[in-house]
Amino acid sequence: MHLEKYFSLNEIALMSICGAMIFVMKIAFKIPVHIPGHSGIFWVIPMIIGISIVRKPGAGIYIGLISGLLASFFGIGALHVFDIFKYLAVGIAADICSMLFVYRFDLIAVGVITGAVANVVKMVVSYSVELLLGVQPFFIIIGIGVSSFSHILFGGLGGLISVYIIRRLTRAGVIGEKDG
């Protein structure tokens with residue numbers, strides 16, 4: 001199946017913009033608070049909003065691919081070229097959550113769970129790549145233990161913000177419910 005037959009041109013444009021917004025938010029909102037996962041409060045928003053509007057399996061993967069390619073090409077993270085794996089995994093996780101919850105991003109729990117899961121998956125893939133690159137397992141285990149809570153918290157907050165934005169856009173008639 002061709003991409004342009006599955007996703008409309010408008011959907012491809014929207015998902016591309018959302019993927020680019022994730023990349024831009026990672027650069028623009030570099031806040032030196034030194035809390036692991038704090039950027040999840042920002043980058044989760046375009047991911048969830050894009051998936052919520054398109055409402056098709058694969059939307060998260062496409063958004064993750066675009067943001068991962070941009071992050072890898074411009075090397076904004078510590079892993080540079082391997083950043084594509086983080087964002088692709090985030091897209092897959094967000095797609096799975098959205099399908100499990102039938103795209104009900106008007107519900108607070110769905111937004112919070114999806115945001116938290118996406119941010120934690122990003123952390124796990126990051127540590128996995130570091131392990132493959134030779135970082136000592138001891139440091140990775142300590143890192144996961146310390147930062148798991150903050151990733152869940154900030155990802156969940158980003159998902160919460162997404163829900164309120166989606167509700168507002170729906171009420172304003174900017175986005176509407178799709179039939180199927």
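This note sets out, point by point, the main packing features of a predicted model.

1. The nonpolar core. The largest nonpolar core of the model comprises 28 residues. Within this core, Met15, Met47, Ile51 and Ile63 have the most contacts. Five helices each give two or more residues to the core: H2 (9-28), H3 (40-54), H4 (59-74), H5 (83-100) and H6 (108-132). Helix H3 supplies the largest share, namely eight residues. As general background, nonpolar side chains in soluble globular proteins tend to be buried together.

2. The surroundings of Met47. Met47 is one of the residues with the most contacts inside the core. Which residues does Met47 touch, once its neighbours within four places in sequence are left aside? They are Ile22, Gly60, Ile63, Gly64, Val90, Gly91 and Ala94. Among these partners, Ile63 is itself listed with Met47 for the most contacts inside the core.

3. The crossing of H3 and H6. The axes of these two helices come within 10 Å and cross at roughly 115°. The crossing is right-handed. On the H3 side, the contact is made by Gly40, Trp43, Val44 and Ile48; on the H6 side, it is made by Gly111, Thr114, Gly115, Ala118, Asn119 and Lys122. By residue type, the contact of H3 with H6 divides into four nonpolar, five polar and one charged.

4. Ser39, in the loop between H2 and H3. Ser39 lies in the loop that joins these two helices. Is Ser39 buried or exposed? Its relative accessible area is 12%, and Ser39 is therefore classed as buried, given that the term applies under 20%. Leaving aside neighbours within four places in sequence, Ser39 is in contact with Lys26 and Lys122. Lys122 also takes part in the contact of H3 with H6, on the H6 side.

5. Aromatic pairs. The structure holds five aromatic pairs. Tyr6 and Phe7 form one that is edge-to-face, with 4.7 Å from centre to centre and 70° between the planes. The two partners are described in distinct terms of accessibility: Tyr6 is partly exposed at 28%, whereas Phe7 is buried at 3%. Phe82 and Phe85 form a stacked pair, with 6.2 Å from centre to centre and 25° between the planes. Here Phe82 counts as partly exposed at 30% relative accessibility, and Phe85 is likewise partly exposed at 46%. In addition, ring pairs link Phe23, Phe73 and Phe74 into a cluster.

6. Ile113 and Gly159. Ile113 is found in helix H6. Its relative accessible area is 38%, so Ile113 is partly exposed. How many residues separate Ile113 from Gly159 along the chain? The two are 46 residues apart, while their C-alpha atoms are separated by 7.3 Å.

7. Ile53 and Arg167. Ile53 is found in helix H3, the helix that gives the core its largest share. With a relative accessible area of 23%, Ile53 is partly exposed. Along the chain, Ile53 and Arg167 are 114 residues apart, and their C-alpha atoms are separated by 11 Å.

8. Helix H3 in summary. Helix H3 contributes eight residues to the largest nonpolar core and crosses H6 at roughly 115°. A reader new to the model may wish to begin with this helix, whose residues in the contact with H6 include Trp43 and Val44.

Technical notes:
Residues are numbered from 1 along each chain as its sequence is written. This is a predicted model: local features need pLDDT of at least 70, side-chain atom pairs count only at pLDDT 80 or more; totals for chains, interfaces and linings use all residues. Side-chain values use heavy atoms; hydrogens and water are left out. A nonpolar core is a set of buried Ala, Val, Leu, Ile, Met, Phe, Trp, Tyr and Cys residues joined through side-chain atoms within 4.5 Å. Buried means under 20% relative accessible area, exposed over 50%, partly exposed in between (1.4 Å probe, protein chains only). Helices (H or I, at least four residues) and strands (E, at least two) are DSSP runs, numbered from the N terminus. Contact means heavy atoms within 4.5 Å. Axes are lines fitted to C-alpha atoms, for helices over the stretch in contact, and angles run from 0 to 180 degrees between N-to-C directions. A crossing is left-handed if the near helix is turned anticlockwise from the far one by less than a right angle, and right-handed if clockwise. Ala, Val, Leu, Ile, Met, Phe, Trp, Tyr, Cys and Pro count as nonpolar, Asp, Glu, Lys and Arg as charged, and the others, Gly among them, as polar. Rings of Phe, Tyr and Trp (its six-membered ring) pair if their centres lie within 6.5 Å; planes under 30 degrees apart count as stacked, over 60 as edge-to-face and the rest as tilted.
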